[in-house]
Amino acid sequence: MNEQQLTKNIAKLRERVRRVAEKSQNANHPVQIVAVSKTRSAQDIRAAHACGLTNFGESYLQEALEKIHDLEDLPLIWHFIGPIQSNKTSGIATHFDWVHSVDRARVAERLNAQRPPGLEPLQVCLQVNISGEGSKSGVTLEDLPQLARRVHELPHLKLRGLMAIPAADAEPCRQRAAFRQMRHALAELRALVPDADTLSMGMSADMDAAILEGTTMLRVGTGIFGPRNR
Ligand SMILES: *Cc1c(COP(=O)(O)O)cnc(C)c1O
């Protein structure tokens, strides 16, 4: 993609985050931006890094591993944000810094066992199924405490917080209601894990609502790189 356009998109995004955060009591500063680079080329990621971005989010393991390899010369932080099949945990545990989409104990246990010795603990968010029907992924709010207790025990994982992908909703007040539930769920989680500090929520279409409800990590793809072709 055109570097001038990329520079412009990133500047606009930062300005928007700042402007919306100013309006809210709940807003957290600073809000980190994870640039969602699924389907984008290594060259696009290199350009985004030149524009000051360090955190990149990927959903498809095979594609991600190629790019991580191509970009080894850069000090990038890689976030796995896609659904996790049990047979993919080894690649994730070995090559990523963060995983946002842990939603069951079996996956957490495998990631823990497969995290190579010598690396920092894998930074983990638990994916919560916040608006029911729509998404199949994510632990229910009801089952969240039990999963959190299990993950908290695993020495090679560090439980950082919660992630959600609410059902796409055009209504800002319904978007906010889902994100507000997440904010409250993190507050409850902190009774168990006091240093859990991360709310991974908000994408290109619902980032304002997420910022207003206290997101600490936006996951933005099209708002940075433009429309995806697939
Ligand atoms: C693709 C994706 C995003 C980014 O979506 P955009 O609408 O392009 O900003 C964020 N989070 C997850 C989990 C995704 O799969």
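These legends walk through close-up views of a predicted model, taking in its ligand and its two largest pockets.

**View 1. Who surrounds the ligand.** Twelve names make up the shell here: Val36, Lys38, Ser59, Ile81, Ile165, Met203, Ser204, Arg219, Val220, Gly221, Thr222 and Arg228. Sorted by class, that shell comes out as five nonpolar, four polar and three charged residues.

**View 2. Polar contacts to the ligand's oxygens.** Start with Lys38, where a polar side-chain atom lies 2.6 Å from an oxygen atom of the ligand. Over at Arg228, an N or O atom in the side chain is 2.8 Å from a ligand oxygen. Gly221 joins in through its backbone instead, with a polar atom there 2.8 Å from an oxygen atom of the ligand. As for cover, the ligand on its own would expose 390 Å², and the protein buries 88% of that.

**View 3. The largest pocket, home of the ligand.** This is the pocket the ligand sits in, and its volume is about 330 Å³. Its lining takes 18 residues, and the ones nearest the centre are Lys38, Ser59, Ile165, Met203 and Arg219. Those five names also turn up among the residues around the ligand. Break the lining down by class and you get seven nonpolar, eight polar and three charged residues.

**View 4. The second largest pocket.** Now for the runner-up, which holds about 290 Å³ of space. There are 15 residues lining this second largest pocket, with Leu76, Trp78, His95, Phe96 and Asp97 closest to its centre. By class, its lining splits into eight nonpolar, three polar and four charged residues.

**View 5. Lys38 up close.** Lys38 is worth a panel of its own, as it appears in several of the views above. It is one of the residues around the ligand, and it is also among those nearest the centre of the largest pocket. Its side chain supplies the polar atom that lies 2.6 Å from a ligand oxygen.

Note on methods. Residues are numbered from 1 along each chain as its sequence is written. This is a predicted model: local features need pLDDT of at least 70, side-chain atom pairs count only at pLDDT 80 or more; totals for chains, interfaces and linings use all residues. Side-chain values use heavy atoms; hydrogens and water are left out. A residue is near a molecule or strand if one of its heavy atoms lies within 4 Å of it. A polar contact is a pair of N or O atoms within 3.5 Å; within protein, one must be able to donate a hydrogen and the other to accept it, and residues adjacent in sequence count only if both atoms are side-chain atoms. Accessible areas come from the Shrake-Rupley method with a 1.4 Å probe; for residues, only the protein chains shown count as cover. On a 1 Å grid over the protein atoms alone, a cavity is a set of points where a 1.4 Å probe fits but cannot get out, and a pocket is an open set with protein on both sides within 12 Å along at least five of seven lines; lining residues have an atom within 4 Å of a point. A molecule sits in a cavity or pocket if more than half of its atoms lie within 2 Å of its grid points. Ala, Val, Leu, Ile, Met, Phe, Trp, Tyr, Cys and Pro count as nonpolar, Asp, Glu, Lys and Arg as charged, and the others, Gly among them, as polar. Grid points are joined across faces, edges and corners, and a volume is the space filled by probe spheres set on the points.
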